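Biologist: I am new to this structure and should be grateful for a close look at a single part of it. Please choose one helix and explain its setting in a connected account.

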Amino acid sequence: MISKGCEQCAKGGKMVMFVYGYCDQRDCFYCPLGENRKNVTDVYANERLVESDEDVLTEAKRMDALGTSITGGEPQEALDRTCHYLELLKDEFGEDHHTHLYTGITGGRENMRRLSEAGLDEIRFHPPYEQWGDLHGTEWEEILYIAREEGLTPAFEIPGIRAEEEFLDFLDEGAADFCNVNEFEMSQGNYRRMQEQGFELKEDHMSAVDGSREDILETMGDHERVYFCTSVFKDAAQHRRRLKRMARNVRREFDDITDDGTLVYGKTYADPERFEALGVPREFYTVKTDHVEVAWWLLEEMIEEGDLEGGEIVEQYPTYDGQVVERTPLA
């Protein structure tokens, strides 16, 4: 049985709160952060730049969030801010709004106490790669027990660089509840550093790294509390389902939702009065400042019949930034 945090992620129900872009502990060669997030103090709720608490709550409602994951940078290095958002979310949505946090430092008892009191449910530790296999008897073992004593669910979340049996020992000893292993990936943020370390993309894959997956699954995959999260699942399931949750909430009467969770509609610069003259019901179109957005199939039909001269079919994400995926001209 997977953890509650993972279960909500799989449903696309976790909002991602990026609280702090700095991480002073180490410069991991595999850090996936892009330039727009690395070493910044900005806060993001999903793709939305947060300028007020209301932005956070609006974004959570936009996707009917079941819970929130707190990430960075290093959230513990902005502890006041992290605790503030935890309290905000719990106060607004109640105790059932599950929260988990990713961290690359131990933090100590005081941090664990403050995070727990603020409403954190689950804390996922990522020890330095250089220490894997030699974590027993260190602060990393101690913090697992401290976190549990302070009311948190302690776990590991690690990149799938290589198999490491010591993490299984922590599970069997009852120190950690589970260990998530994320398929090792190359991103725009780490591509150059990863290549310098000798890693290459898997053939015919956009992000997964060639190499260790089979060994990790053979060594760690049979443990009932180890979860191997593939890059395909993160993209095809988690991300797509999150988009679909948003799309259902923000779609207009005439927007189509695709299997990928994007919205599709028509766009034309025709005179809005033309739609009224043709008797088009108002639920099928919206007048913008310099154009009209309309049901794509209706726009296509009107152009084919000569009622309008041109336009395009637009496919875009339902996210706050509304990134356009594709434009298909109609004439």
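Modeller: The cover over the buried residues of helix H4 (109-118) includes helix H3 (79-93), strand E5, strand E6 (122-125) and helix H5 (139-149). Helices (H or I, at least four residues) and strands (E, at least two) are DSSP runs, numbered from the N terminus. Buried means under 20% relative accessible area, exposed over 50%, and partly exposed in between, with a 1.4 Å probe and protein chains only. Contact, the term behind this cover, means heavy atoms within 4.5 Å.

This is a predicted model, in which local features need pLDDT of at least 70 and side-chain atom pairs count only at pLDDT 80 or more, while totals for chains, interfaces and linings use all residues. Residues are numbered from 1 along each chain as its sequence is written, and side-chain values use heavy atoms, with hydrogens and water left out.

The buried residues of H4 are Asn111, Met112, Leu115 and Ala118. Seen down the axis of H4, these buried residues fall within an arc of 135 degrees, so they line one face of the helix. The arc is that of the directions from the helix axis to the C-beta atoms. An α-helix has 3.6 residues a turn, so residues three or four places apart point the same way.

The two ends of H4 may be described next. Ahead of the helix, Gly108 belongs to the loop that runs between strand E5 (98-103) and H4. Gly108 is partly exposed, at a relative accessible area of 25%. The C-alpha atom of Gly108 is separated by 6.6 Å from that of Ile143, although the two residues are 35 apart along the chain. Just after H4, Gly119 takes a positive phi of about 120 degrees.

Strand E5, one of the elements that cover H4, includes Thr103. Thr103 is buried, with a relative accessible area of 3%. Apart from neighbours within four places in sequence, Thr103 is in contact with Glu74, Gln76, Ile123, Arg124, Phe125 and His126.

Charged side chains also connect H4 to its surroundings. Side chains of opposite charge can pair when their charged atoms come close. A salt bridge is here a side-chain nitrogen of Lys or Arg within 4 Å of a carboxyl oxygen of Asp or Glu, and by this rule the count comes to 19 salt bridges.

Toward H3, Arg114 forms a salt bridge with Asp80, and the closest N and O atoms are 2.5 Å apart. Since Arg114 lies in helix H4 and Asp80 in helix H3, the pair ties together parts that are 34 residues apart in sequence. Arg114 counts as partly exposed, at 28% relative accessibility, whereas Asp80 counts as exposed, at 53%.

Toward H5, the side chains of Arg109 and Glu149 meet in a salt bridge of 2.8 Å, N to O. Arg109 lies in helix H4 and Glu149 in helix H5, so this pair ties together parts that are 40 residues apart in sequence. Arg109 counts as partly exposed, at 39% relative accessibility, and Glu149 counts as exposed, at 55%. Salt bridges that share partners also join Lys90, Glu95 and Asp121 into one network.

Helix H3 takes part in a further pairing. Lys61 forms a salt bridge with Glu92, with the closest N and O atoms 3.3 Å apart. This pair links distant parts of the chain, for Lys61 is in helix H2 (residues 53-62) and Glu92 is in helix H3, 31 residues apart. Lys61 is partly exposed, at a relative accessible area of 42%, and Glu92 also counts as partly exposed, at 38% relative accessibility.

The whole chain gives the setting for this part. The chain holds 11 helices and 15 strands, and its C-alpha trace spans about 80 × 45 × 35 Å along the principal axes. Of the 331 residues in the chain, 51% are buried. Among contacts in the chain with a separation of 6 or more, 65% are between residues 24 or more positions apart.
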